[in-house]
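Reader: Hello! I would love a close look at one part of this model, with a few words on its surroundings.
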Amino acid sequence: MFGELKLLPILALGAALALSLAVGLFSRHRAEQAYGVSRRQSGHASIGAAIASNWMSAASFLGLAGVFYLQGYFAFAYILGWTGGYVLLLVLMAGQIRRFGKYTAPDFVEARYDSSLARICSAVIAILITLIYCVAQYKGIGLIFAWLFGIDYTRALLLGTAVALAYLVIAGSLGATRNQQVHYLTLILCFVIPLMFIAKKLGYSWLLPQLSYGAAVTALPPATASAYIEPWAFCTPYQWIALCFTLMVGTAGLPHVLSRFYTVPNTRDARWGVVWGLFFIGLLYWSAPAFGAFAKAWQAGTGQTVDPAEAGFLADLIVVKTGEWTGIPEILVGLLAVGGILAAFSTITGLLITGAGAFAYDIYYRLINPRASERHLLKVAKGVTLLLALLILAIAVNPPGLIAEITAVAFALAGNTLFPVFLLGIWWDRANKYGAVCGMLSGIALTFAPVLFGHLVPELREWLPPTSSALIGAPLVTLIVIVVSLLTPPPPEQVRRFLVDKVHSP
Amino acid sequence: MHRQPSAEPPNGDLRVNFLRPRPGFMRREVTIIWITLTAWAILTFGFPLYLAFCPQARLPDRTIFGMPMHYWFSGQFLIIWFILVCCAFNLLIDWLTESYRRRRQERVS
């Protein structure tokens with residue numbers, strides 16, 4: 001299924017990883033030189049590129065095109081959820097969170113709700129999100145390594161994980177930081193340049209493949225086309241809206257997305273950065289449907305058929321496969337593979353560090369060993385990183401769904417737990433720790449109930465699909481937080497005064 | 001009673017409530033948020049509902065850039081719409097913040 005070993009793309013990947021380490025070292029060098037002179041990021045577009053590069057994972061790079069390939073119009077629920085969520089984030093939270101001035105989700109929850117228990121809950125949620133999100137990334141890595149080396153998925157997954165960990169360790173010990181702007185530029189070029197060649201090869205206008213794939217969609221044979229274009233061929237309107245809404249509130253509640261706003265100089269930069277970030281993410285999302293459409297067009301044109309089971313397995317590799325099928329130069333197909341790996345590696349690095357940090361500082365330090373020294377905590381964090389990596393590996397050997405679907409479960413969890421807690425924490429002074437803890441616990445239960453008990457109670461899957469549970473979950477948890485808060489004493493006065501004086505004043 | 005829109009609430013009032021915002025800056029901010037959210041929600045969720053309830057809306061012969069109209073609307077226009085909505089929101093909030101800062105400076109001096 002994966003063919004033979006592909007030397008040129010493997011060399012390209014090695015070069016790209018080495019180059020990204022070199023750029024990281026150079027960036028650190030520059031950052032050190034600028035240290036003490038108040039280093040400011042150089043404008044809204046640059047903040048936007050950082051937001052976009054932080055956002056773009058294997059789900060955007062590989063997963064989206066796969067959903068388009070399999071389910072046509074349904075995939076727009078993913079695209080709109082993952083872009084529309086930024087509107088929600090900007091309008092309701094970005095500025096206020098920047099003014100609140102806490103660096104991580106657990107930090108914010110503890111400061112706002114004045115409770116260690118709430119902090120621990122949010123840390124557990126952050127770790128669960130890391131786990132689920134990374135499983136999806138691992139699947140992408142496994143598939144691409146299988147394609148690169150022509151080996152089966154499980155062995156490729158082991159090899160990919162080893163390379164990812166080695167990269168993490170080398171980057172960590174060299175102290176290389178990631179240059180977000182270079183990273184974004186690399187990813188978008190790796191995505192769009194091969195797409196242009198694919199469009200040209202298939203005889204469509206190559207200049208703007210984001211528009212010319214329309215002709216490929218309408219030229220599909222009627223049977224394929226109607227399933228591809230028809231809005232409700234693969235889902236009901238309820239499922240579409242539920243998924244879209246879940247991804248939106250999830251975007252606004254994901255810890256690693258929110259933390260981007262703490263590192264910008266001020267509130268106004270945070271807000272305008274979002275607009276640029278949305279544009280940069282849009283560049284990728286305008287292009288992703290084209291891969292699905294061109295893959296379908298190629299299959300229709302050559303009369304090739306892929307049996308459904310294999311199509312389901314290949315879907316997450318469709319970006320690379322489209323390049324290979326249409327016969328563009330191998331190095332360009334390699335670029336697609338390199339982009340997918342870079343997106344997955346950077347996401348894993350960021351999330352594993354966040355997850356391990358949440359365990360070491362928010363759970364281990366607070367619950368297990370409050371007298372631990374900084375060095376000891378660092379050791380715990382490193383150990384937990386390795387442990388998490390292995391745990392994710394164990395789950396990813398049998399991936400429970402498409403990359404985009406697995407990622408969507410992480411969004412559902414964020415939307416059912418952290419989104420209501422952040423929203424009410426910012427916009428309602430009366431929300432207190434009892435409400436927050438009850439809300440987060442019920443949010444976890446709501447997210448995992450359909451996953452664990454869906455086979456026993458089919459209605460649960462129907463109304464709370466694992467990928468889309470936040471349409472019902474987020475409002476319900478919001479209500480739970482409100483009711484429990486009203487039944488218990490209000491939060492301390494200094495927290496409420498801080499909200500009025502600092503978070504909500506011009 | 002003469003109501004001054006710029007009046008700051010009394011110091012003892014610690015109310016922060018999205019549904020009942022304090023008069024002054026917060027009330028205007030929340031108004032802008034509601035307008036933005038409406039513009040965002042109508043097209044995002046209104047359009048699939050429109051497609052669900054009016055099947056004639058997706059006639060295949062109406063195309064734009066070679067794509068069926070509804071396909072183009074979801075795939076390309078809505079992202080542009082989100083960016084526009086965000087720009088409008090930022091311009092309004094910039095204007096609001098600036099006018100309140102100026103007012104506060106005038107009161108200080």
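Is Trp95(B) buried or exposed?

Author: Happy to help! This is a predicted model, where local features need pLDDT of at least 70, side-chain atom pairs count only at pLDDT 80 or more, and totals for chains, interfaces and linings use all residues. Residues are numbered from 1 along each chain as its sequence is written, chains are lettered from A and ligands numbered from 1 in the order in which they are written, and side-chain values use heavy atoms, leaving out hydrogens and water.

Trp95(B) has a relative accessible area of 54%, so it counts as exposed (buried is under 20%, exposed over 50%, partly exposed in between, with a 1.4 Å probe and protein chains only). Its place is in helix 2 of chain B, residues 69-108 (helices are DSSP runs of H or I with at least four residues, and strands are E runs of at least two, numbered from the N terminus). Between the C-alpha atoms of Trp95(B) and Gly66(B) there are 40 Å, with the two 29 residues apart along the chain.

Chain A offers some companions to this view. Leu8(A) lies in helix 1 of chain A, and its relative accessibility of 43% makes Leu8(A) partly exposed. Helix 3 of chain A is another case: 13 of its 14 residues are buried, so the rest of the structure largely encloses it. Just after helix 3 of chain A comes Gly72(A), with a positive phi of about 55 degrees.
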